[in-house]
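This report goes through the two chains below, moving from individual strands and helices to the parts they share.

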Amino acid sequence: MPDGANAVLHVEGLKTVFKVRGGEVHAVNSVSFDLKPGELLGVVGESGSGKSVTMMSLLGLLPSPPAEVREGRVMFDGRDLLKCSPNELREVRGLGVGFIFQDPMTSLNPVFTVGFQIMEPLRRHLGMSKQAARKRAQELLELVNIPDAGQRLGDYPHQFSGGMRQRVMIAIALACDPKVLIADEPTTALDVTIQAQILELIRELRQKLGMAIVWITHDLGVIAGIADRVIVMYGGQIVEQAPVGELFAHPRHPYTRALLQTVPSVRGERAPKLNVIEGQPPMLTQTPSACPFRPRCAQAFDRCARENPARRAVGRGHDVACFWDFDSNGAVTATGSSADA
Amino acid sequence: MFTFALRRFLIAIPTLLIISLAIFLLLEAAPGDPLGDVPLTVPPDVKEKMRAALGLDSAWYVRYLLWLKQFFWVEPLNLVDYIFGTDYAQGMQRVISFQSRQPVMQIIAQRVPQTLTVVGMSYLIGVSIALPIGIYSAYRQYSWFDQIGTLVSMIGFSVPTFFSGVVLIIVFAVKLQWFPSIYDTTHQVTDWASFMKQVRQMAMPVMVLSLYNAAQISRFMRSSMLDNLNQDYVRTARAKGLTEKVVVLVHVLRNSLIPVVTVIALGVPTIFGGAIITEQVFKVNGLGQQLITSIHSNDMPMVMTLTFIFAILIVTFNLIADLLYGILDPRIRYD
C-alpha cells in the first residue's frame with residue numbers, strides 16, 4: 001500500500017495490457033507501490049509475474065504496440081510520467097532514472113566503444129563537451145572498479161568479460177546521477193562469484209551516491225542480502241509487501257511461504273527432492289476477478305474464487321493480498337479488519 | 001589488417017591463374033569455329049593459312065601461355081606507354097580480337113564508359129534509394145509504406161529486365177515520346193542541351209536497372225534492420241534517453257549496415273559485367289553487349305579477356321568486402 005508523501009517514485013493503480021492475436025494479456029494489474037529516497041526495494045516473483053513489465057511501463061520502455069499502459073499514475077519529480085510526452089519521458093530516462101538490464105552480453109552496442117556509450121547520456125542530458133564527458137566517463141569506470149579506466153574507454157564491449165560489462169552498464173546507468181536506479185535482474189546472467197562482486201559494488205555505490213534502487217530478481221538469497229523492503233509479485237499483482245526481515249520471518253501470503261520453502265537449505269541433511277510449487281503461473285486474459293494464486297494454493301477456499309483479495313495491512317509496512325490469516329489459521333472475516341495492527 | 005590484406009592479395013594470384021586456365025579450357029572445349037563464317041568457296045588450304053594467321057595452329061597450352069604473357073606483360077607495358085608516352089612494348093604482339101583485328105583492350109576501353117555511366121549510375125541510384133526505404137520499412141514494419149515497399153520490390157525482383165525494359169519503351173518512348181528508345185553511344189556532352197539529351201537517353205535503362213538493384217538491396221537493408229531493432233542494446237539506448245533518431249540512425253543503423261555494405265561491395269563487379277540484357281534492349285554499346293557479340297562470333301581472345309577481367313573484379317571486391325567488414329565490425333580482427 002502506498003504510504004508516505006516523501007517517496008521519490010509513487011506508483012498507483014498501474015495497469016499494463018499486451019494486445020496479442022485473439023485477445024489481451026493483462027500483465028500488470030493495479031500495481032501500487034512507493035519508493036523512498038535511498039532505499040533498496042526488492043521485487044521478487046517467478047518468470048512472467050510482471051516484475052520487469054511493471055518497471056518498463058513506468059518509463060514507456062515497452063514496445064507499443066503490443067503493450068499498452070492503460071491506467072494508473074506514476075509520480076516522479078512532481079509529475080505523472082504516464083501523462084508525459086515522449087520527449088519529456090526521454091528527459092527522465094537516463095537523467096532521473098537509470099536502468100541496468102539482465103544480460104550484459106547483449107545490452108551494450110557491439111560496434112561502439114565503451115567510452116562512447118558512457119559519454120552518450122552525459123552529452124545528451126548534461127550537455128557536456130567531449131573532453132568533459134570523457135573525463136567523467138573515466139571517473140565512472142573508476143567508480144565501478146574497472147582497472148585502467150582511461151585506457152579501457154577506447155575498448156569495445158567484446159573486449160570485456162560479462163562481469164566487467166555489467167559494471168559498464170552500471171556506469172552508464174549512473175552517469176547522470178539519477179535519483180532512481182532500476183536494476184532488472186542484473187546478476188541473473190552472471191556466475192555466482194561475479195554476482196557477489198556486483199552486489200558488493202551496488203552496496204558500495206549506494207553508500208556513496210545514495211540513490212533509491214528497485215532491484216528485480218527471482219533470487220531470494222540476493223534479496224535477503226541487499227534489500228530494505230520487498231515486494232512479492234504474482235500474476236501481475238503485488239501479493240505481499242514487507243520490510244525484508246519481516247518478510248523472511250513472517251511471510252503472510254501462501255505464495256511467499258511456498259517461495260521460501262523452495263529455497264534449498266545448505267545445512268543439515270540434503271533433501272532427496274527439491275521443493276517446488278506445483279502448477280503453472282497464470283496467463284491472464286482479462287482483469288482477474290478471483291485470486292490468481294488460487295489453483296496452486298493449499299489454503300484456497302470458496303471466497304478466493306469469488307473475488308480478488310485486496311491488499312490489507314498486517315503489520316508496520318507489511319501488507320498482503322490474501323483472505324487467509326495464518327495467525328488464526330482461518331479465513332479473514334471482513335476485509336480490512338486487521339488493518340489496525 | 002595489413003598483413004591480412006597482403007596475405008589475401010598473394011592468395012588471389014594463384015586463384016586468378018587457376019580461373020584463367022579454367023576459362024581458357026572451357027572456351028577451348030566449347031563447340032564453334034572462329035572461321036565458321038568464312039564462305040565455303042574458300043579453298044581448304046587457304047582456310048588453313050587463315051587459321052595459322054590467327055595462331056590457331058599451335059597447341060592449346062602454347063596459346064594459353066602466349067595469352068598469359070600478352071595479358072600480364074604486354075598489355076600493362078602498352079598501358080604504361082600510353083600514359084607516359086614511352087616505348088617499352090616495342091610493338092610486341094598484343095591480345096587481338098579475331099573479329100575486328102583490333103587490340104582487345106582498345107575495344108574494352110571504348111566500351112567501359114558506356115557501361116559505367118549507365119549501369120554504374122543505376123547501381124548508385126539503386127543503392128541510394130534502397131537504403132532509406134529499407135530503414136524506414138523496417139522501422140515501421142507492416143505499415144502501408146512497408147507494404148507498398150514490399151510489393152514494389154517483389155515486382156522489381158521478379159519481373160525480368162527484358163520485360164520491364166520493353167514496357168518502359170512502349171510507355172515512355174512510343175506512347176509519350178519522352179525518351180529515345182535507342183541509346184546513342186556517340187553522343188557527346190558539350191553544353192546544357194546535350195547534357196539533357198544524355199539524361200533523357202539514360203533515363204529508361206537506368207530506371208530499369210535501378211529498380212532491380214533497389215529491390216534487392218532494400219530487402220537486405222530491411223531484414224538487417226529488423227534483426228537489430230529487437231536487440232537488447234536498442235533497449236539500452238532508449239533507456240539512456242536518446243532520441244529515436246539517434247537510436248535508429250546511429251545505434252541500429254551502424255550494426256545493420258555491416259552485412260549490407262558487404263552485399264553492396266560484392267555487387268560492384270556486376271556493374272562492369274554490364275547488364276547484358278538491358279544493354280541489349282536499349283542498344284547501349286556496353287561491355288555486356290560486347291561480350292554477347294563476341295561469344296556469337298567465337299572471338300576467343302575477346303571473350304577470354306573480358307571474362308578474366310570480370311574474374312579479377314570479383315576477386316578484388318571480395319577482398320574489399322572482407323576488409324570493409326573488418327573496418328565496420330570491431331569484433332572482427334584479421335591478425
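Which residue of β2(A) is the bridge partner of His10(A)? The partner is Asp34(A), and the sections that follow place this pair in its sheet before turning to the rest of what is a predicted model.

## The sheet of chain A

The pair formed by His10(A) and Asp34(A) belongs to the ladder between strand β1 of chain A, residues 9–20, and β2(A), two strands that run antiparallel and are joined by nine bridges. Both strands are part of an open sheet of four strands in chain A, whose order is β2-β1-β4-β5 and whose pairing is antiparallel. At its edges lie β2 (23–35) and β5 (79–80) of chain A, each of which pairs on one side only. In general, the strands of a sheet pair through backbone hydrogen bonds, in either a parallel or an antiparallel manner.

## A hairpin further along chain A

Strand β11 of chain A, residues 312–315, and strand β12 of chain A, residues 318–320, run antiparallel and are joined by three bridges, with Ala313(A) standing opposite Asp319(A) in β12(A). The two strands form a hairpin that leaves two residues between them, and in the turn Gly317(A) has a positive phi of about 65°.

## Enclosed and open helices

Helix α1 of chain A, residues 51–58, is largely enclosed by the rest of the structure, because eight of its eight residues are buried. These residues are Lys51(A), Ser52(A), Val53(A), Thr54(A), Met55(A), Met56(A), Ser57(A) and Leu58(A). Just after α1(A), Gly60(A) takes a positive phi of about 65°.

Helix α2 of chain B, residues 44–53, is the reverse case: of its ten residues the number buried is zero, so this helix lies largely in the open. Here too a glycine with a positive phi comes just after the helix, namely Gly55(B), at about 85°.

In helix α10 of chain A, residues 254–262, the buried residues are Pro254(A), Tyr255(A), Thr256(A) and Leu259(A). What covers them includes helices α8 (220–226) and α9 (244–249) of chain A, together with strands β9 (229–234), β10 (237–243) and β13 (324–325) of that chain.

## Chain B and its helix packing

Chain B has twelve helices and zero strands, and its C-alpha atoms fill a box of roughly 85 × 60 × 40 Å along the principal axes. Of its 335 residues, 31% are buried, while among the contacts in chain B with a separation of 6 or more, 69% are between residues 24 or more positions apart.

Two of these helices, α4 (residues 104–139) and α7 (residues 192–229) of chain B, pack at an angle of about 35° with their axes 6 Å apart, and α4(B) passes α7(B) in a right-handed crossing. By class, their contact has 23 nonpolar, eight polar and one charged residues.

## A buried aspartate in a loop

Is Asp299(B) buried or exposed? This residue is found in the loop between α11 (287–296) and α12 (300–328) of chain B, and it counts as buried because it has 23 C-beta neighbours inside 10 Å, where 20 or more are required.

Leaving aside residues up to four places away in sequence, Asp299(B) touches Ser97(B), Phe98(B), Gln99(B) and Ser294(B). The C-alpha atoms of Asp299(B) and Ser100(B) are separated by 9.2 Å, although the two residues are 199 residues apart along the chain.

## The largest nonpolar core

The largest nonpolar core has 144 residues, of which Ala171(A), Val180(A), Val214(A) and Trp215(A) touch the most other members. The element that gives the most to this core is α4(B), with twelve residues. In soluble globular proteins, nonpolar side chains tend to be buried together.

For Ala171(A), the residues touched are Ile118(A), Leu140(A), Leu141(A), Leu143(A) and Val144(A), not counting those up to four places away in sequence.

## Where the chains meet

The contact between the chains takes 22 residues from chain A and 18 residues from chain B. On the side of chain A that touches chain B, α2 (86–92) and α3 (114–125) of chain A each supply at least two residues, and α3(A) gives the most, with four residues. By class, the residues on this side of chain A divide into ten nonpolar, six polar and six charged.

Conventions. Residues are numbered from 1 along each chain as its sequence is written. Chains are lettered from A and ligands numbered from 1 in the order in which they are written. This is a predicted model: local features need pLDDT of at least 70, side-chain atom pairs count only at pLDDT 80 or more; totals for chains, interfaces and linings use all residues. Two residues are in contact if their C-beta atoms, placed from the backbone, lie within 7 Å. Ala, Val, Leu, Ile, Met, Phe, Trp, Tyr, Cys and Pro count as nonpolar, Asp, Glu, Lys and Arg as charged, and the others, Gly among them, as polar. Two strands pair if DSSP finds at least two bridges between them. A residue is buried if 20 or more other C-beta atoms lie within 10 Å of its own, exposed if 12 or fewer, and partly exposed in between; C-beta atoms are placed from the backbone. Axes are lines fitted to C-alpha atoms, for helices over the stretch in contact, and angles run from 0 to 180 degrees between N-to-C directions. A crossing is left-handed if the near helix is turned anticlockwise from the far one by less than a right angle, and right-handed if clockwise. A nonpolar core is a set of buried Ala, Val, Leu, Ile, Met, Phe, Trp, Tyr and Cys residues joined through C-beta atoms within 7 Å.
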